[in-house]
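Me: I would like to go through a protein model step by step, with short questions and reasoned answers. Please show it before we start.

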Amino acid sequence: MTPSSIVSQVGEERTHSTMMAWRVHEFGSPQVMKFEPVPRPKPGPGEVLVKVEAAGVGPWDGWIRAGKSALPQPLPLTLGSDLSGEIVAIGPGVSERRVGDQVYGVTNPQFVGAYAEYALASAGMVSNKPSSLTHVEAASVPVVAVTAWQALFDHAGLKSGQTVVIHGAAGNVGSYAVQLARHAGVQTIATVSTGDISVVRNLGTNTVIDYRAQRFEKEVRDADAVIDLVGGETQDRSFQVIRRGGKLISAVARPDQDLAKRYGVEAAFFLVNVTSQYLTEIARLIDDGKLRTNVGAVLPLADAREAHLMLERVRPQPKGKIVLDLGAS
């Protein structure tokens, strides 16, 4: 039975106490995902219930589904973290949000629960949706934009006039990193493939290196920091381009501390910490025209398994963020 036919079948039977959600009862490939009716949750202390208008799809959703998350994930679970929608109920102890607020953000520190018609979210992990964005656009923002912000400013400590190398600069996190660095007066050196050179130039990067044609370590010296969104040997080679006392910050893999010591560089891996404060500041930059979003594939909620096949490269994955549009379900 297809997800769409399930929707039709249960549509007549459902009441306001149930909803459709993408559940995982065992870890594995996208085939383990099940679209099924579940009870609509009620917000507990510090939580809000969001009527989900759109949910973002990210690589971390695939890691959670496959059982490769860095966080413990008890089964069964509902997939999804990024969301945009309307608050319809508020739990005890929540004073900063109101029913009817249009919000965007992340569900909870476990990054689960958003691939559903309604989702619980920690009140401290959502903020008012950027007014200039649709829900689909807003759902593409939270995790990747906050990751870029925290990499550049909280972990690398970059200031105006300094220089940063951004690996994977045309990706979902990288494109925000380029824009945020530019806004802060940080000089950017972007490494990308040939086809993405014009993309990062349009985002405002200062220097572009085609990693297929050039060895970045032959082109760059004494950068203040490297933001690594690629990992592997790219990360290892990056130590050569950082000044002594500079920083290598990775959002994808733990850096080699022996290499860090050899080059006199601080090196760290971090997990993003999405909070209302970051989301509020990012929304302001978006509404002021300082940040551009990049939505790729938009699919109805019933096609979330297709979105995960895109994550796994079983289906072609377009540039930009994959988003589930509940208005299209």
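What follows is a set of questions and answers on this predicted model, from the whole chain down to single residues.

Me: How many helices and how many strands does the protein chain have, and what is its radius of gyration?
Reply: The secondary structure of the protein chain comes to 11 helices and 16 strands. For 329 residues the globule rule gives 20 Å, and the chain comes close to that, so it is as compact as a globular protein of that length. The radius of gyration is 20 Å.

Me: What percentage of the residues of the protein chain count as buried?
Reply: A residue counts as buried when its relative accessible area is under 20%. The C-alpha atoms of the chain fill a box of roughly 65 × 40 × 35 Å along the principal axes, and the chain exposes about 14,300 Å². Carbon and sulfur atoms supply 49% of that exposed area. Of the 329 residues, the buried part is 52%.

Me: Among contacts with a separation of 6 or more, what percentage comes from residues 24 or more positions apart?
Reply: Contact here means heavy atoms within 4.5 Å. Taking the contacts with a separation of 6 or more, the share from residues 24 or more positions apart is 64%.

Me: In what order do the strands S1, S2 and S4 stand in their sheet?
Reply: Strand S1, residues 18-24, pairs with strand S2, residues 33-39, over 7 bridges in the antiparallel sense. S1 also runs antiparallel to strand S4, residues 77-78, and 2 bridges join them. The 3 strands form an open sheet in the order S2-S1-S4.

Me: Which strands stand at the edges of this sheet?
Reply: The order of the strands in the open sheet is S2-S1-S4. Each edge strand has a single partner strand, so one side of each is left without a neighbour in the sheet; the edge strands are S2 and S4.

Me: Which residues are the bridge partners of Val24 in S2 and in S4?
Reply: S1 has bridges to S2 and to S4, and Val24 has a partner in each of these two strands. Elsewhere in S1, Thr18 stands opposite Pro39 in S2. For Val24, the partner in S2 is Met33, and the partner in S4 is Leu77.

Me: How many of the 7 residues of S1 are buried, and what is the relative accessible area of Trp22?
Reply: Strand S1 is mostly covered, with 6 of its 7 residues buried. Trp22 is buried, and its relative accessible area is 0%.

Me: How many aromatic pairs are there, and is the pair of Trp22 and Phe35 stacked or edge-to-face?
Reply: The count comes to 5 aromatic pairs. The rings of Trp22 and Phe35 have centres 4.8 Å apart and planes at 20°. Planes under 30 degrees apart count as stacked. The pair links strand S1 to strand S2 across 13 residues, and its arrangement is stacked.

Me: How many residues apart in sequence are the parts tied together by Phe239 and Tyr263?
Reply: The rings of Phe239 and Tyr263 are stacked, with centres 6.3 Å apart and planes at 15°. Phe239 lies in the loop between helix H8 and strand S13, whereas Tyr263 lies in helix H9, so the pair ties together parts whose separation in sequence is 24 residues.

Me: Is Tyr263 buried or partly exposed?
Reply: Phe239 has 0% relative accessibility and counts as buried. Tyr263 has 28% relative accessibility, and the buried class requires a value under 20%. Tyr263 therefore counts as partly exposed.

Me: How many of the 14 residues of H4 are buried?
Reply: Helix H4, residues 142-155, reaches 18 Å from its first C-alpha to its last, close to the 20 Å expected. Its buried residues include Pro142, Trp149 and Leu152. H4 is largely enclosed by the rest of the structure, because the number of its residues that are buried is 11.

Me: Which residues does Asn294 touch, not counting residues up to four places away in sequence?
Reply: Asn294 is in the loop between helix H10 and strand S15 and counts as partly exposed at 36% relative accessibility. Its C-alpha atom is separated by 9.4 Å from that of Ile322, 28 residues away along the chain. The residues that Asn294 touches are Asn172, Tyr176, Lys319, Gly320 and Lys321.

How values were computed
Residues are numbered from 1 along each chain as its sequence is written. This is a predicted model: local features need pLDDT of at least 70, side-chain atom pairs count only at pLDDT 80 or more; totals for chains, interfaces and linings use all residues. Side-chain values use heavy atoms; hydrogens and water are left out. Buried means under 20% relative accessible area, exposed over 50%, partly exposed in between (1.4 Å probe, protein chains only). Helices (H or I, at least four residues) and strands (E, at least two) are DSSP runs, numbered from the N terminus. Two strands pair if DSSP finds at least two bridges between them. The expected span of a helix is 1.5 Å times one less than its number of residues. The radius of gyration is taken over C-alpha atoms; the globule rule is 2.2 Å times the number of residues to the power 0.38. Accessible areas come from the Shrake-Rupley method with a 1.4 Å probe; for residues, only the protein chains shown count as cover. Rings of Phe, Tyr and Trp (its six-membered ring) pair if their centres lie within 6.5 Å; planes under 30 degrees apart count as stacked, over 60 as edge-to-face and the rest as tilted.
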